[in-house]
Structures are given as C-alpha cells and as structure tokens.
Amino acid sequence: MESKKIYPEDVVLEPVKLDCLKAPNGKIYAHYFKDRAIYDNITHTKCKTCGINDSEYKGGDCFSCRSKKARERYMALPTTSEFPICDDDNHFFWDEGDLEEYLEDNDLEMEDMYLYAAERKPFIPLDYEYWSDQSTEDGELPSKMEALIDDFNKKLKDIPGLYFQNEKLRYRP
Ligand SMILES: [Zn+2]
C-alpha cells in the first residue's frame with residue numbers, strides 16, 4: 001500500500017503559546033530551561049565547597065578551596081626521594097643542593113612546591129611511514145632506507161631518553 005503523500009501546503013501549523021522567560025542577555029528560554037537561563041547570565045557563584053568565597057567557575061570551587069584540594073591530591077601521591085625531580089613549572093632539579101638554591105633564590109618553602117619525579121622517556125623510534133607524506137606514490141621505501149632506519153633505531157635504543165615529569169610520583173626528602 002502506498003503511503004499518503006504530504007506536500008508543504010498540507011502541513012497545518014498551529015500556534016502554541018509557550019511558557020518562556022527572557023533573560024538579561026536578551027535570550028528567550030523555555031520555562032523548563034530556567035536553570036540554564038540563570039547559568040548563562042551569571043559570572044560567579046558561591047564556592048561549592050566553603051560556600052563563602054566567590055567562584056568564577058560557575059558551580060565550582062573558589063581559588064582557595066581549589067588550591068587546598070590540589071594540595072591534598074598532591075600529598076596523597078606515592079613518594080620518591082630520588083633525584084632528578086621537576087616542579088609543576090618544568091624546572092628540573094638534579095640534586096638537593098640544586099633544589100635548596102632555587103628555594104632560597106625565589107624565597108620559597110618546600111610547602112609551596114609541587115615536586116614530582118623526573119623520569120627518562122625513551123626516544124620514539126623512526127618508522128617506515130616517516131616520509132610517506134612526501135610522496136603520493138603508493139610504494140615502499142627503498143630497501144637501503146629501511147636498513148638505515150633499522151640501524152638508526154637499534155642505535156637509538158642505547159641513547160638514554162630525555163627527562164619528563166612523572167606527575168604520579170611526588171618528591172619527599
Ligand atoms: Zn571555597
């Protein structure tokens with residue numbers, strides 16, 4: 001059975017009166033989006049945690065509560081006493097003297113610092129696809145090149161990688 005054909009002129013649109021709200025930003029919101037309307041028109045809320053300070057993150061924490069929570073998360077991390085270490089601003093410290101000097105020069109205390117383990121990450125080896133963007137030819141690399149890459153990768157393994165911050169491990173003297 002053929003389904004009924006409906007043309008544009010067949011569509012009857014009835015006006016419906018909606019319960020709407022006009023917000024200070026000039027936008028019209030359906031009544032059930034009242035929360036959204038409020039959210040869109042505020043810049044601050046009271047801090048979700050302390051309820052005292054303002055938070056510029058709507059529905060979030062104030063600066064002081066955010067800092068406190070960040071510190072708690074940091075303190076809960078497993079620890080290492082080994083150097084090198086790295087702060088949250090990518091300063092590396094190679095030994096205790098190095099760290100002490102930095103604290104002194106910058107008028108900082110250990111309690112101000114976020115110090116993480118620094119670990120070497122191996123270099124990523126080259127792969128045969130490295131030059132694939134240079135050619136539209138759907139061919140393989142010359143075998144000489146593959147041999148070169150293999151040799152390069154073999155030698156690369158013997159070179160210690162560069163240091164990176166390991167944010168899952170904090171420094172504790
Ligand atoms: Zn707060």
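**Note on the predicted model**

1. Helix 2 (residues 63-75) holds 13 residues, which at 1.5 Å a residue should span 18 Å; the C-alpha atoms at its ends are 18 Å apart, so expectation and model agree. The expected span is 1.5 Å times one less than the number of residues. Please keep in mind that this is a predicted model.

2. Is helix 2 buried or in the open? The number of buried residues among its 13 is 0, so helix 2 lies largely in the open. The cut-off behind this count is 20 or more other C-beta atoms within 10 Å of a residue's own.

3. On domains, the assignment gives two entries: domain 1 covers 16-75, and domain 2 is made of 77-132 + 140-173. Between the C-alpha centres of domain 1 and domain 2 the distance is 39 Å.

4. Next, the sheet. Its 5 strands form an open sheet in the order 5-9-8-6-7, and the pairing is mixed. Strand 5 (79-80) and strand 7 (92-93) are the edge strands, each pairing on one side only. As background, strands of a sheet pair through backbone hydrogen bonds, in either a parallel or an antiparallel sense.

5. Which strands pair with strand 8 in the antiparallel sense? Strand 6 (residues 85-87) does so with strand 8 (residues 115-121) over 3 bridges. Within that pairing, Cys-86 has Tyr-116 of strand 8 as its bridge partner. Strand 9 (residues 162-171) also pairs with strand 8 in the antiparallel sense, over 6 bridges. Here Ala-118 is bridged to Gln-165 in strand 9.

6. The largest nonpolar core has 10 residues: Ile-85, Cys-86, Phe-93, Leu-99, Met-113, Leu-115, Tyr-116, Ala-117, Ala-118 and Tyr-171. At least two residues of this core come from each of strand 6 and strand 8. Strand 8 gives the most, with 4 residues. The bridge partners Cys-86 and Tyr-116 are both among the core residues, as is Ala-118, the partner of Gln-165.

7. One core residue deserves a separate entry: Met-113. What does Met-113 contact, leaving aside its neighbours within four places in sequence? With those neighbours set aside, Met-113 is in contact with Asp-87 and Leu-108. Asp-87 falls within the residue range of strand 6 (residues 85-87).

Methods:
Residues numbered from 1 in each chain as written. Predicted model: local features only at pLDDT ≥ 70, side-chain atom pairs only at ≥ 80, totals over all residues. Pairing = 2+ DSSP bridges. Core = buried A, V, L, I, M, F, W, Y, C linked by C-beta atoms within 7 Å. Buried ≥ 20, exposed ≤ 12 C-beta atoms within 10 Å, placed from the backbone. Contact = placed C-beta atoms within 7 Å. Domains from an automatic or database assignment.
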